[in-house]
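Hi everyone, thanks for coming. I'd like to walk you through one structure today, so have a look at the screen.

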Number of protein chains: 2
Amino acid sequence: MARPHIVIVGAGFGGLSAAAGLAGADADVTVIDRHNYHLFQPLLYQVATAGLSPAQIAQPIRSILRKAPNVRVIMDSVTGVDRHRRVVSLEDGEVPYDTLVLATGSRHAYFGHDEWENVAPGLKTIDDATGLRRRILSAFEHAEESSDPEARRRFLTFVVIGAGPTGVEMAGAIAELAHVALRHDFRTINPRDARIVLVEAGPRVLAAFPPTLSESALRSLERLHVEVRLGKPVAECDERGVTIGDERLEASTIIWAAGVASSRAAQWLDVEKDRVGRVVVGPDLTVPGHPEIFVIGDTAHATGSDGQPLPGLAPVAKQQGGYVARVLRARIGGRAAPGAFRYRNYGAMATIGRRAAVADFGWLKVDGTLAWLLWGLIHVTFLIGFRNRFVVLFDWLWSYATFQSGVRLITGPGSH
Amino acid sequence: MARPHIVIVGAGFGGLSAAAGLAGADADVTVIDRHNYHLFQPLLYQVATAGLSPAQIAQPIRSILRKAPNVRVIMDSVTGVDRHRRVVSLEDGEVPYDTLVLATGSRHAYFGHDEWENVAPGLKTIDDATGLRRRILSAFEHAEESSDPEARRRFLTFVVIGAGPTGVEMAGAIAELAHVALRHDFRTINPRDARIVLVEAGPRVLAAFPPTLSESALRSLERLHVEVRLGKPVAECDERGVTIGDERLEASTIIWAAGVASSRAAQWLDVEKDRVGRVVVGPDLTVPGHPEIFVIGDTAHATGSDGQPLPGLAPVAKQQGGYVARVLRARIGGRAAPGAFRYRNYGAMATIGRRAAVADFGWLKVDGTLAWLLWGLIHVTFLIGFRNRFVVLFDWLWSYATFQSGVRLITGPGSH
């Protein structure tokens with residue numbers, strides 16, 4: 001058999017761990033991503049809230065895979081897949097494959113209100129994060145310059161929609177920015193007057209966590225003066241604010257952390273998908289009838305041992321990428337394939353602010369300072385590259401000690 | 001006399017040192033800048049060439065001046081000055097002044113070819129730098145993906161126009177990026193095949209330095225395989241390349257480091273300006289007939305003790321800002337004003353690459369490793385903020401030890 005060509009689309013946690021697992025295998029591997037960097041998404045909200053620089057949580061894909069001579073990286077956008085001809089179409093040409101691994105992640109879903117995207121942007125890429133950073137910091141600038149009390153109040157109101165981990169972390173980080181880091185910076189306004197409102201349609205924050213930790217997170221948010229609105233869906237979003245149930249909130253900054261939909265992989269393949277657009281895969285993560293097509297991470301609807309679909313979390317994607325690499329290495333070596341994919345849940349965590357976090361390890365549930373320290377330790381450990389680990393840790397210690405956040409830059413389109 | 005209102009336009013080296021000198025003075029000070037950050041411009045080329053992150057060389061103006069309660073900061077663009085009504089017009093309102101300090105810096109000049117700006121961008125702001133970084137890194141990506149040898153060659157050709165300090169530093173840094181940092185990252189192309197061409201209309205590089213140091217810089221550039229073209233002006237710039245004299249260079253990346261013109265301050269004031277648009281000021285840096293208007297830094301045409309106009313350098317702007325603050329403090333206190341402004345020249349330096357730099361202290365001229373170490377030491381010392389100093393130093397040591405550069409991110413418009 002000729003040396004097989006494995007094409008991996010997406011260099012997030014799933015795609016990258018598949019590629020790393022195939023380094024040195026007897027196969028040619030091509031990784032395709034529309035960005036030149038792998039992003040450590042769990043810390044992206046810290047870029048949006050001026051705590052970290054983009055380069056601290058992003059690493060060039062080429063540089064991560066430089067020591068794997070059988071792996072090639074292409075920066076381009078995929079526009080489709082022809083599963084009969086076994087070809088991936090790019091904006092700039094096409095790439096044939098013997099085996100395809102789709103790990104294209106997810107995107108924001110506005111539940112049929114795509115017009116909300118411009119006024120309530122979400123957080124998926126570095127440009128999303130620097131764009132949000134610009135909006136948040138500019139709001140304080142506009143408030144400082146404004147002489148109209150009503151406009152000033154609108155500029156100082158920040159609404160975060162969705163109280164999953166991203167929403168909770170964003171709301172907490174904006175509250176700390178306003179109440180701590182910026183507190184001496186203005187002369188006309190008092191940044192402590194900023195209102196941060198976290199909106200959740202469900203009955204509690206961090207719904208994927210045990211109720212006791214949701215309670216703890218809620219108390220931490222309230223200590224940071226975040227107003228939490230539970231059980232009310234968003235009825236309307238526009239340039240001047242949000243309507244929640246029948247309450248109107250005038251706000252110049254709205255952040256979308258609610259809905260997530262899968263990327264277009266199911267459309268490309270034209271195969272069975274679930275309600276949020278994920279490709280339904282078998283126990284070995286291949287598309288039924290297509291043993292040469294794997295779908296992993298947020299793009300896949302895979303079933304856990306409890307019969308429930310696996311959640312869209314970094315560890316799921318990572319473990320699936322590693323599993324796919326093992327399956328493919330077994331196939332290449334003519335060995336028996338490993339059994340069905342099984343997700344090992346080591347736990348979940350979310351941070352709210354200084355010395356406030358929650359962590360659920362199943363056998364152990366912690367909150368407060370201990371959870372916060374664990375959260376920092378684990379996130380720094382999983383950052384790629386010693387340099388990033390060191391610099392992020394330094395920045396965290398620095399802002400912890402000085403109450404400052406270091407990356408308060410307004411850059412990009414519209415910033416002159 | 002009522003407490004005077006001093007308005008400072010521009011928070012570069014000049015404006016910021018004037019503001020810092022007036023902290024705690026018996027006056028209300030307003031600093032206006034279109035960005036929210038002060039930029040350490042001498043290191044901006046390292047952002048453009050993926051060596052440093054924007055936040056490492058930029059600091060929020062508010063945060064620098066937070067301990068000066070008499071200083072207010074406004075982020076807005078100035079659109080004009082009415083020197084009769086004593087009012088500064090902003091995009092968003094107007095600000096009256098008793099004393100005005102204009103420190104608005106300079107911008108690129110294309111010598112009557114403004115249409116070159118899009119194809120040959122210059123380097124003044126953080127967005128310029130991240131835009132150039134995107135262009136430079138994307139060129140390597142396009143070359144890797146291209147199957148046409150001619151297109152590949154065009155993508156791998158980088159032309160820097162102007163061999164002053166910025167041009168020399170850019171050319172050296174791109175050469176090191178291609179020949180060192182990227183050397184294992186690609187599979188189709190060899191980044192070492194990149195051509196870096198430095199074009200200078202004058203007879204030597206670093207014309208403001210003594211000829212022996214120009215010679216030394218030229219040798220360092222040649223060691224980095226930078227092709228230097230001297231004595232030939234640019235005849236044409238377009239999307240596919242440059243024409244120098246009658247030589248045509250096909251290049252997808254062109255960087256403008258040649259002409260500098262003053263900002264629009266002279267137009268706002270409608271007063272005498274020199275050939276490059278700088279406001280001609282008296283020995284005390286005020287506009288003739290207007291003791292209440294100071295112009296400093298790159299915007300001013302001030303005369304040195306040798307009768308020559310002072311150069312557009314950071315130390316000149318900084319010393320002028322400090323001088324203006326002393327003059328104003330004397331006026332406020334009813335004391336005699338200090339004598340005419342006198343520039344103290346402590347020297348000039350430029351770096352070319354690893355262990356290659358030149359430094360001219362007048363009484364001492366050095367090059368090579370010693371000049372490079374001095375360059376690093378002095379630049380780190382003058383960076384604002386301990387955190388930035390530490391992190392920049394760490395990044396420099398890291399890339400020196402690993403031959404890597406840490407910020408190879410393609411972000412912003414057009415990067416998907």
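**Where the two chains meet**

Okay, let's start with one pair of residues: Arg62(B) and Glu141(A) join their side chains in a salt bridge, at 2.6 Å from N to O. If you're new to this, side chains of opposite charge can pair when their charged atoms come close. Before I go further, please keep in mind that this is a predicted model.

So how many salt bridges does the rule find across the interface of chain A and chain B? It finds 4. As for polar contacts, the count between chain A and chain B is 20 residue pairs.

Which parts of chain A are doing the touching? The elements that give two or more residues to the side facing chain B are helix H3 (54-57), strand S4 (58-60), helix H4 (61-64), strand S5 (71-75), helix H5 (126-145) and helix H12 (386-402) of chain A. The largest share, 7 residues, comes from H12(A). And what kinds of residues sit on that side of chain A? They split into 25 nonpolar, 13 polar and 16 charged.

Now let's step back to the whole interface. On chain A, 54 residues are in contact with chain B, and they touch 54 residues over there. Together the two chains bury about 5000 Å² between them, with 51% of that on carbon and sulfur atoms.

Next up, how the copies are arranged. To superpose chain A on chain B, you rotate by 180° with 0.0 Å of shift along the axis, and the RMSD is 0.0 Å. The two copies are therefore related as by a two-fold rotation axis. Also, 100% of the interface residues of chain A are interface residues in chain B too, so the copies meet through the same surface.

Let's finish inside chain A. The chain is divided into domain 1 (5-34 + 76-105 + 263-332) and domain 2 (111-257). How far apart are the C-alpha centres of those two domains of chain A? They lie 35 Å apart.

Back to salt bridges for a second: over all chains, the structure holds 32. One of them joins the side chains of Arg86(A) and Glu292(A), at 3.6 Å from N to O. Arg86(A) lies in the loop between strand S6 (78-82) and strand S7 (87-90) of chain A, while Glu292(A) is in strand S21 (residues 290-295) of chain A, so this pair ties together parts that are 206 residues apart in sequence.

That's it from me, thanks for listening!

Terms used: Residues are numbered from 1 along each chain as its sequence is written. Chains are lettered from A and ligands numbered from 1 in the order in which they are written. This is a predicted model: local features need pLDDT of at least 70, side-chain atom pairs count only at pLDDT 80 or more; totals for chains, interfaces and linings use all residues. Side-chain values use heavy atoms; hydrogens and water are left out. Contact means heavy atoms within 4.5 Å. Buried area is the accessible area (1.4 Å probe) that two parts lose on being put together, summed over both. A polar contact is a pair of N or O atoms within 3.5 Å; within protein, one must be able to donate a hydrogen and the other to accept it, and residues adjacent in sequence count only if both atoms are side-chain atoms. Helices (H or I, at least four residues) and strands (E, at least two) are DSSP runs, numbered from the N terminus. Ala, Val, Leu, Ile, Met, Phe, Trp, Tyr, Cys and Pro count as nonpolar, Asp, Glu, Lys and Arg as charged, and the others, Gly among them, as polar. Copies are superposed by least squares on the C-alpha atoms of residues with pLDDT of at least 70 in both. Domain bounds come from an automatic or database domain assignment.
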